[in-house]
Structures are given as structure tokens and as C-alpha cells.
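User: Please take a close look at a single part of this model, the nonpolar core, and set it within its surroundings. Which residues make up the largest nonpolar core?

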Amino acid sequence: MARVNPTCYRPHTTRTGIGTTITSRISRTAATAILLAGTMLGMVPSAMAQTPDFGDDSSEWARDGECDDMRFIGPGMASVLNDEDRGHDATDCRVAFEQKRVTMRSEALQQRVVEARRIAWGDDEGAFANDGECDDMRFEGEAMTTTVLRVEDVQHDASDCRNAYQDGLIALRQ
Ligand SMILES: [Ca+2]
Ligand SMILES: [Ca+2]
């Protein structure tokens, strides 16, 4: 029997107030100088203030076309994220950020990435793997499939469920 999934899972996008923090720490004169410099370079001051520190390209996953830095979130992200790649996938994340395929992840959702490593996700061998919905009955939440959950899909929908968990869209059932 074919399953029809009427809803599409979309990752949350979040923004943090980096610009506010930066401008509150420097004097008005310095801020004006930076804004003038930005204008001379043809940059929009508000966009400049929101640009994160991308770090360097020392991750083993640097320059593979996916952002592996867990400080970001969005469709341009790799599905498996590791703490040690934080700040070390600059080129991929900068490109994805500029293309608006990633934004900054909130502190709470960064914690979700850390917690996700303690869960046995299994593999993507299930019949409903990689369809954008979590089909593992150990979880509950808005990114779960709306169709019947099956025992045989437990630990066989790893990418869908891990992504949803890291984005705060599902949680383990109590
Ligand atoms: Ca990468
Ligand atoms: Ca799935």
C-alpha cells in the first residue's frame, strides 16, 4: 500500500543577535569607522554585522560542498555533525550562508547536536528512509511521519530522524 505524506518537513531557521553584541562592545567612533569602511567596500552594514566568524578549513570535511559546522542550520548542512568541526569548515559554510542555505543555529539547537551523538540512529536501510520524515517509533514530534509507525523501521531511518532531532523537531518518547 502506497503511503501518502501530505506534509513536507522543513528545518527551522534561526538567527542570533551577533550584530547587537559586537556593536555594544565597541565605541561609537569605532563603529562609525567600521560602517564607513564597509560602505566603501560596497558592503551593506547590516549584512556585515550579521556575518559570523567562519573559522578555517582544517576539518577533514572541508570543501566537500556541505557545511559541517554545527553552529549552522539549514538545507546546506551535512547530516552528521561533529563538535570537532565547529569553526573548521569555513569555505563550505560561508558559501552556504551567502546562498542563504544555512543560518546561525541557536544555542539550544547546538546542544541538540551534542545530544544526538548519544542516540543509536542505526542505518538508512528502512523502506521509508530519506523521505524527509522520521519513521522511527522511538520518537515523537512535528517531523514524525503521519502514517502508521512500524517496528521494522526502528533504527533504519537514521538520516531523517537525526536531522529532525538536531533541528529540534522531534524528541525521544518518554
Ligand atoms: Ca564541509
Ligand atoms: Ca523517513
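Analyst: The chain has an average pLDDT (the predictor's confidence in each residue, from 0 to 100) of 82, and 71% of its residues score at least 70. The model is a predicted one, for which local features need pLDDT of at least 70 and side-chain atom pairs count only at pLDDT 80 or more, whereas totals for chains, interfaces and linings use all residues. Residues are numbered from 1 along each chain as its sequence is written, while chains are lettered from A and ligands numbered from 1 in the order in which they are written.

Two stretches call for caution. Residues 6–10 stay under a pLDDT of 50, and the model gives them seven contacts (C-beta atoms, placed from the backbone, within 7 Å) beyond four places in sequence. Residues 34–49 are likewise below 50, with nine contacts beyond near neighbours in sequence. Where pLDDT is low, the predicted coordinates should not be read in detail.

As to the overall setting, the chain contains six helices and four strands, assigned as DSSP runs (H or I of at least four residues for helices, E of at least two for strands) and numbered from the N terminus. Their order from the N terminus is α-α-α-β-α-β-α-β-α-β. Of the 174 residues, 28% count as buried, that is, 20 or more other C-beta atoms lie within 10 Å of their own, against 12 or fewer for exposed residues and values in between for partly exposed ones, with C-beta atoms placed from the backbone. Among contacts with a separation of 6 or more, 73% join residues 24 or more positions apart.

The largest nonpolar core has 11 residues: Phe-54, Cys-67, Phe-72, Ile-73, Met-77, Ala-90, Cys-93, Ala-96, Phe-97, Val-102 and Met-104. Such a core is a set of buried Ala, Val, Leu, Ile, Met, Phe, Trp, Tyr and Cys residues joined through C-beta atoms within 7 Å. Both β1 and α4 supply at least two residues of this core, and α4, with four, gives the most. In soluble globular proteins, nonpolar side chains tend to be buried together.

Helix α4 spans residues 90–98, and its buried residues are Ala-90, Asp-92, Cys-93, Ala-96 and Phe-97. They lie on the same side of α4 because they cover an arc (taken from the directions from the helix axis to the C-beta atoms) of only 165° around the axis. An α-helix has 3.6 residues a turn, so residues three or four places apart point the same way. The cover over the buried residues of α4 includes β1, residues 72–73.

Val-102 shows how these pieces meet. Apart from neighbours within four places in sequence, Val-102 touches Cys-67, Phe-72, Ile-73, Gly-74, Gly-76, Met-77, Cys-93, Ala-96 and Phe-97. There is also a second, separate core of 10 residues, including Ala-143, Met-144, Ala-158 and Cys-161.

The two sides of α4 in sequence can be taken in turn. Before the helix, Asp-89 sits in the loop between β1 and α4. Asp-89 counts as buried because it has 30 C-beta neighbours inside 10 Å. Beyond four places in sequence, its contacts are Asp-57, Ser-59, Trp-61, Ala-62, Cys-67, Asp-68 and Asp-69. Asp-89 and Ser-58, 31 residues apart in sequence, have their C-alpha atoms 6.8 Å apart.

After the helix, Lys-100 lies in the loop between α4 and β2, residues 103–104. Its phi is positive, near 60°, in a residue other than glycine. Most residues other than glycine have a negative phi, and most peptide bonds are trans. Lys-100 counts as exposed because it has 11 C-beta neighbours inside 10 Å.

For the wider surroundings, α6 (residues 158–166) has eight of its nine residues buried. These buried residues pack against α5 (107–116) and β3 (139–140). The angle between α5 and α6 is about 140° and their axes are 8 Å apart, with axes fitted as lines to C-alpha atoms, for helices over the stretch in contact, and angles running from 0 to 180 degrees between N-to-C directions. That angle makes α5 oblique to α6, since angles under 35 degrees count as roughly parallel, over 145 as roughly antiparallel, 65 to 115 as roughly perpendicular and the rest as oblique. In this pairing, Arg-112, Val-113 and Ala-116 of α5 meet Arg-162, Tyr-165 and Gln-166 of α6.

Definitions and conventions. Two residues are in contact if their C-beta atoms, placed from the backbone, lie within 7 Å.
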